[in-house]
Amino acid sequence: MLEFFNTLFGQIIVQSIGFVAMALGIASFQRKKRNSIIAFQMSASSLWMLQFILLGGYTGAIQNGIAIVRGAFFAQKDRLRWVSSRITPAIFITAFIIAGIFTFGAEGPITLLPVAAMIIQTVALFCNNENRIRYLSLMVSPLWLIYDFRTGTIAGVICESFTICSIIISLIRFRTKRNTKAEDLSKDAVKDSPEQ
């Protein structure tokens, strides 16, 4: 079965999986709410995991598998008090490190890149501030970019480039909205102030 994915048609399917994952990942940063960002990223992680398995990128596959579980927990952060505890991200960070140790023998030092990326992303997703999530995610993309290039996922390389652009656009877009709202409020305050 895996031999099929070494054929031209098989490689087209493998790379297509990555392009769907890429679309979901990029779209996640255009979502306004934290849980919506997490849901999109969980879907993307599922597809990245499948693609990395088919490409032999076992570190990437395992890291994305853990990320799916992490997303399910973090989505409950507002509902379940114990998920909001600092121990929750520490558990996932530990899981990412342990998984990286197990795959280090198969992939070598390149394993450190997705492990570091997932640690930073775990910190980002635990934040309540959407902009902080976006800023920390800017640190994640270069690490995945190098790993994706090494593993051979065309979509992954393109995705991280687009993700960087998408995050920057979303930061500008939401900052512009916030500045416009602040200007409107200050104009209203000036209008409502008593004349001297």
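Visitor: Is Phe52 buried or exposed?
Guide: This is a predicted model, and the call rests on computed accessibility. The cut-off for buried is under 20% relative accessible area. Phe52 has a relative accessible area of 1%, so Phe52 counts as buried.

Visitor: And Trp48, buried or exposed?
Guide: The same cut-off of under 20% applies. Trp48 has a relative accessible area of 9%, so Trp48 is buried.

Visitor: Which helix holds both Trp48 and Phe52?
Guide: The two residues are 4 apart in sequence. That spacing is about one turn of the helix. The helix spans residues 34–55 and is α2.

Visitor: How many aromatic pairs are there, and what kind do Trp48 and Phe52 form?
Guide: The count comes to 4 aromatic pairs. For Trp48 and Phe52, the rings lie 6.4 Å centre to centre, with 35° between the planes. Under 30 degrees would be stacked and over 60 edge-to-face, so the rest are tilted. The Trp48 and Phe52 pair is therefore tilted.

Visitor: Which residues form one aromatic cluster with Trp48 and Phe52?
Guide: The cluster takes in the α2 pair, Trp48 and Phe52. It is completed by Trp144 and Tyr147.

Visitor: How much space lies in the largest cavity?
Guide: The structure holds 1 cavity of 30 Å³ or more. Its space comes to about 330 Å³.

Visitor: Which residues lie nearest the centre of the largest cavity?
Guide: The lining has 25 residues. By class, 12 are nonpolar, 10 polar and 3 charged. Nearest the centre are Ser45, Trp48, Gln121, Trp144 and Glu160.

Visitor: Which helix gives the most to the lining of the largest cavity?
Guide: Helices that each supply at least two lining residues are α1 (8–28), α2, α3 (58–74), α5 (112–126), α6 (130–151) and α7 (154–192). The top contribution is 7 residues, and it comes from α2.

Visitor: How far apart in space are Glu3 and Leu54?
Guide: Glu3 is found in the segment before α1. Glu3 is exposed, with a relative accessible area of 68%. In sequence, Glu3 and Leu54 are 51 residues apart. C-alpha to C-alpha, their separation in space is 9.9 Å.

Visitor: How many disulfides are there?
Guide: A disulfide needs two cysteine sulfur atoms within 2.5 Å. By this rule the count is 0.

Visitor: Is Cys165 buried, exposed or partly exposed?
Guide: Cys159 has a relative accessible area of 3% and is buried. For Cys165 the value is 43%. That lies between the cut-offs of 20% and 50%, so Cys165 is partly exposed.

Conventions: Residues are numbered from 1 along each chain as its sequence is written. This is a predicted model: local features need pLDDT of at least 70, side-chain atom pairs count only at pLDDT 80 or more; totals for chains, interfaces and linings use all residues. Side-chain values use heavy atoms; hydrogens and water are left out. Rings of Phe, Tyr and Trp (its six-membered ring) pair if their centres lie within 6.5 Å; planes under 30 degrees apart count as stacked, over 60 as edge-to-face and the rest as tilted. Buried means under 20% relative accessible area, exposed over 50%, partly exposed in between (1.4 Å probe, protein chains only). On a 1 Å grid over the protein atoms alone, a cavity is a set of points where a 1.4 Å probe fits but cannot get out, and a pocket is an open set with protein on both sides within 12 Å along at least five of seven lines; lining residues have an atom within 4 Å of a point. Grid points are joined across faces, edges and corners, and a volume is the space filled by probe spheres set on the points. Ala, Val, Leu, Ile, Met, Phe, Trp, Tyr, Cys and Pro count as nonpolar, Asp, Glu, Lys and Arg as charged, and the others, Gly among them, as polar.
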